Amino acid sequence: MTTVVITGAAGFLGWHTRARLATVPDIHVIPIDRAAFAGPDLEAALAGLGPQDAVLHLAGINRAAEDEVRDGNIALAERLADAMATTGCQARTVIAGSTQADLIGAEATAYGIGKRRAAEHLAAAAARAGRSCVEVRLPNLYGEHGRPDYNSFVATFAHRIAGGEVPTVTGDREIPLLHVQDAVTDLWSAALHSDPPSMIRPESVTPLRISWIADRMASFQEVYATGQIPALADLIDVRLFNVLRAARWDQGQLSFPLTPHSDARGDFVEVLRQHGGSGQSSFSTTVPGVTRGDHLHFRKIERFVVVRGSGVIRLRQMCTDRLVEIPVSGDSPVAVDMPTLWTHSITNVGDDEMLTLFWINELYNPQDADTYPHPVLPVPAAAGSRPGGTTEGTAL
């Protein structure tokens, strides 16, 4: 069993990291939020950790006065280094750095200076203790459930567009972007590497123009607002669309009404239409009392429609107690899309067989199924923070 301590566990990168590691077997994750970092819980988490374990230092300050940003990031590193020294912790330190640390002279930023000095302090402390230390120097990150006006302009655009607004583009230019799950992959690879370099620069960085992102997500919203899935040309499209879907989900836009076309023969209901691309539709029958699912996806777009019988769809945002329950029935069909990084299930709560239609945006590949078993229930007693706000009670 490998123990991984994650500082900044309640933040955007921290939550994504915890969600990914929750699917990795034989990993014990100890999340450290701001309160735990400041108190004795940090020392308790670090005590007894050996070289096979890891400390992922993801905590940081990026929104405050310049002096607070610079000195605050340095102080976080000093606090962690002191706690590791006090407890004799021998775990590898993996630091979430920033490409702003590359800027010098007139171009230097308070955040970049603070992150660079923080990494240098932790590296020096590790060297004195004979421990391994790796900095992963990250560019701008984007992904699902980022906080608008805080984590990323991509999150800001997504929330504005999902709310029916037109985002304002200022200083239009290309920005090097990295999806947060690619950042998690690099951080975790650094933790596992037998002999990692002192610094890793991600290779999956993509320069994207600010205005292009705004226009692209607006075009997705125009199609998706009708209940249709837009044509998604590549992985970047899929990821931007998932960011938009997460923003809609955070705003309570959980389902789409379906319109039946009736005649003497019965009803015809179009479940889903995609503009180009290749998707896969399927159906299942479920006997009363049986639950299907209890898994999550990091990439796939999936839609459920119960067309006969009655059930309840349950979803829980990974590593939180944010639980959503959606009653569904063939008497009044609705389409419910499964958000990425939410474990989900469907249970037949009726007395008769339940018929459910499914659609997914890619053909099934057993070598890359993007399906990770994880129970929706029971809700963890101390699941941590709820990135992106909360959804309480029954959705429909």
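How many bridges join S1 to strand S2? There are six, and the two strands run parallel. Keep in mind as you read on that this is a predicted model.

## Starting with strand S1

Strand S1 covers residues 2-7, and it is mostly tucked away: five of its six residues are buried. Its partner S2 spans residues 27-32. To see one pairing up close, find Thr 3, whose bridge partner in S2 is His 28. Between the two strands, the chain passes through helix H1 (residues 12-21), giving a β-α-β crossover that is right-handed.

S1 also pairs with S3, again in the parallel sense, this time over four bridges. Here you can look for Ile 6, which stands opposite Leu 56 in S3. As background, strands of a sheet pair through backbone hydrogen bonds, either parallel or antiparallel.

## The whole sheet

Now zoom out. Six strands make up an open sheet, in the order S2-S1-S3-S4-S5-S8, with parallel pairing. At the edges sit S2 and strand S8 (199-200), each of which pairs on one side only. Further in, S3 and S4 are joined in the parallel sense by four bridges, and Val 55 stands opposite Thr 93 in S4.

Helices pack on this sheet too. H1 touches S1, S2, S3, S4 and S5, and its direction makes about 160 degrees with that of S1. H5 touches S3, S4 and S5, and its direction makes about 165 degrees with that of S4.

## A closer look at helix H5

H5 runs over residues 110-129, so to speak a stretch of 20 residues. From its first C-alpha to its last it reaches 29 Å, close to the 28 Å expected at 1.5 Å a residue. Just after the helix, Gly 130 takes a positive phi of about 70 degrees.

Which residues of H5 are buried? Among them are Ala 110, Tyr 111, Gly 112, Ile 113, Gly 114 and Lys 115. Later in the helix, the buried ones include Ala 118, Ala 119, Leu 122, Ala 125 and Ala 126. An α-helix has 3.6 residues a turn, so residues three or four places apart point the same way. The cover over the buried residues of H5 includes strand S3 (54-57), helix H4 (66-87), strand S4 (92-98) and strand S5 (133-138).

## Cysteines without a bond

How many disulfides does a search of the whole structure find? Zero. A disulfide is a covalent bond between the sulfur atoms of two cysteines. Take Cys 133: its closest cysteine sulfur is in Cys 89, 12 Å away, so the gap is too far for a bond.

Is Cys 133 buried or exposed? Cys 133 counts as buried because its relative accessibility is 15%, and the cut-off for buried is under 20%. Cys 319 is buried as well, with a relative accessible area of 16%.

## A glycine in a loop

Finally, head to Gly 227, in the loop between helix H8 (210-224) and helix H9 (235-250). Despite the loop address, Gly 227 is buried, with a relative accessible area of 9%.

What is Gly 227 in contact with, leaving aside its neighbours within four places in sequence? The contacts are Phe 256, Leu 272 and Arg 303. Then there is Ala 335: Gly 227 and Ala 335 are 108 residues apart in sequence, yet their C-alpha atoms are 8.4 Å apart in space.

Notes: Residues numbered from 1 in each chain as written. Predicted model: local features only at pLDDT ≥ 70, side-chain atom pairs only at ≥ 80, totals over all residues. Heavy atoms only, no water. Expected span 1.5 Å × (residues − 1). Buried < 20%, exposed > 50% of the residue type's maximum accessible area, 1.4 Å probe, protein only. Contact = heavy atoms within 4.5 Å. Pairing = 2+ DSSP bridges. Right-handed = clockwise from strand over helix to strand, strands pointing away. Disulfide = S-S within 2.5 Å. Axes fitted to C-alpha atoms, helices over the stretch in contact; angles between N-to-C directions.
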